[in-house]
Amino acid sequence: MEFNAYSMLVDFMWAGIFLFIAKILREKIRVLQSLFVPVSLLAGFIGLALGQNGFGVMQFSSQFGSYAGLLIIAVFVSIGLRGFNFSSGGWKTNFDRIGSYYCYRNIGWAFQYAVPIIFSMVVLRIFAPELNTAFGMLIPAGFQGGHGTAAALGQTLGNLGWEDATDLAMTSATVGILTGIFGGIALIKIGTTKNYTKYVKDFSQLPDDMRTGLIDEGHRPVLGDETVSPMAIDPLAWHLLLILIPTGAGYLLTNAIQDATGLGVPSFSVGFLAAILFHFLLKGIKADKYVDNRIISRMGSCATDFLVFFGVASIKIPVVIQYAVPFGLLMLFGILWVVFHFTVIGPRLLKQEWFERGIYVYGYSTGVTAIGMALLRIVDPENKSCTLDDAAIVTPIESVIEIFALAAVPVACVQGNWIAAVVPILIYLAALLIVPVVFKWWHTHPHAVWDETK
């Protein structure tokens with residue numbers, strides 16, 4: 001079917017239907033309330049089950065899998081329009097917060113790009129001596145990269161002679177997503193019982209509106225103020241155009257940069273920077289006082305709900321049995337790492353709101369940014385931890401490094417030069433561990449209880 005504006009309308013109609021059904025289910029089913037399953041996440045699974053990737057009861061358009069990439073630009077634009085969110089602690093506090101966050105995220109990245117390759121060549125080859133030397137790349141392709149990276153890497157490795165790479169990489173991405181969703185919810189439930197979360201406490205003590213998602217009359221917060229007269233332009237239309245301008249500009253600039261340099265920079269980071277510039281332009285012409293950040297924030301949250309839905313509903317789940325033993329062990333290795341990274345390294349490196357900032361990285365590191373955002377919304381629905389702000393700042397730097405890694409590491413591995421491929425990454429990993437020592441970012445677990453009498 002040819003993709004056009006009307007097929008896009010039908011896709012969003014189905015999204016609305018599934019979100020509506022999921023909202024009703026969240027209101028009525030206690031287990032969904034106790035797990036704090038977001039409506040968008042639940043709707044995504046319904047769409048996955050009923051769509052062409054599931055039972056085929058209904059059909060989305062051929063382009064419905066690309067909506068998440070568009071919506072994520074709008075999400076970060078809504079953050080950028082509010083300007084940089086620096087804490088009151090001054091320059092040193094912000095440097096420490098962003099610097100430790102960068103090191104934490106990239107420790108996870110570097111480990112995934114190097115250690116699974118070593119694990120595959122040293123351990124997994126005991127079970128499968130003929131294992132391809134790039135087998136360990138399935139972890140960063142599926143967990144760190146997601147289905148998009150998995151497809152690209154699979155095609156590259158397929159062109160280099162490993163035809164099974166695409167199916168395995170896509171399966172790895174699926175395992176990563178499931179790890180992110182169910183593992184993340186489990187970790188959040190544990191975190192609330194141990195009082196690790198700052199904005200959401202014990203599940204049993206949460207008010208009914210947080211469980212059911214329904215706010216009683218008399219307790220409903222104000223969405224925002226009408227900053228412009230409807231006689232001139234509708235206030236929602238005014239705020240929507242403020243979102244659309246940098247969102248479109250970010251997309252066009254991303255394509256221009258890629259055409260000029262050949263580098264694939266993330267469009268949501270470019271959109272964020274475009275929104276920052278637009279924010280200062282509005283301040284320069286004194287139009288910023290007619291921007292209600294509450295409305296901008298709600299529009300960003302609205303885009304997030306649809307982003308999560310389309311991201312989950314477009315998952316493809318290939319089944320690969322041929323590599324069952326080594327593949328299963330590799331997936332277990334990857335799962336253990338992301339859990340260790342969050343539960344052990346996170347609280348000792350992310351001092352400020354470590355659980356909220358760490359759970360986003362956990363979801364991001366298991367394949368889909370949307371999952372990280374969904375988990376973050378459970379524990380920090382208002383982004384008070386500045387997690388998304390810092391993510392938009394550090395992602396462009398990470399992307400440059402990842403572009404070179406994706407270009408060089410798979411080729412070197414297929415050619416048998418896996419040691420040469422992982423050594424530079426291991427050096428980078430060592431630097432990421434040392435830098436926090438220099439700046440005194442390492443610390444004891446913020447919730448550790450010491451018995452000083454012993």
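D390 and R357 are both buried. They also form a salt bridge with each other, with the closest N and O atoms 2.8 Å apart. The model is predicted, and a search of the whole structure finds six salt bridges. This briefing covers some of them.

**The network around D390**

- R97, R357 and D390 are linked in a network of salt bridges.
- On one side of the network, D390 pairs with R357; this pair links distant parts of the chain, with D390 in helix α15 and R357 in helix α13 (residues 354-364), 33 residues apart.
- D390 also forms a salt bridge with R97, and here the closest N and O atoms are 2.7 Å apart.
- The R97 and D390 pair likewise joins distant parts of the chain: R97 sits in helix α5 (residues 91-122) and D390 in helix α15 (residues 387-414), 293 residues apart.
- R97 is buried, and D390 is buried as well.

**The pair D292 and R294**

- The side chains of D292 and R294 meet in a salt bridge, at 3.0 Å from N to O.
- D292 has a relative accessible area of 7%, so D292 counts as buried, the cut-off being under 20%.
- R294 has a relative accessibility of 37%; R294 is therefore partly exposed, because this value lies between the cut-offs of 20% and 50%.

**Background**

- Side chains of opposite charge can pair when their charged atoms come close.

Key
Residues are numbered from 1 along each chain as its sequence is written. This is a predicted model: local features need pLDDT of at least 70, side-chain atom pairs count only at pLDDT 80 or more; totals for chains, interfaces and linings use all residues. Side-chain values use heavy atoms; hydrogens and water are left out. A salt bridge is a side-chain nitrogen of Lys or Arg within 4 Å of a carboxyl oxygen of Asp or Glu. Helices (H or I, at least four residues) and strands (E, at least two) are DSSP runs, numbered from the N terminus. Buried means under 20% relative accessible area, exposed over 50%, partly exposed in between (1.4 Å probe, protein chains only).
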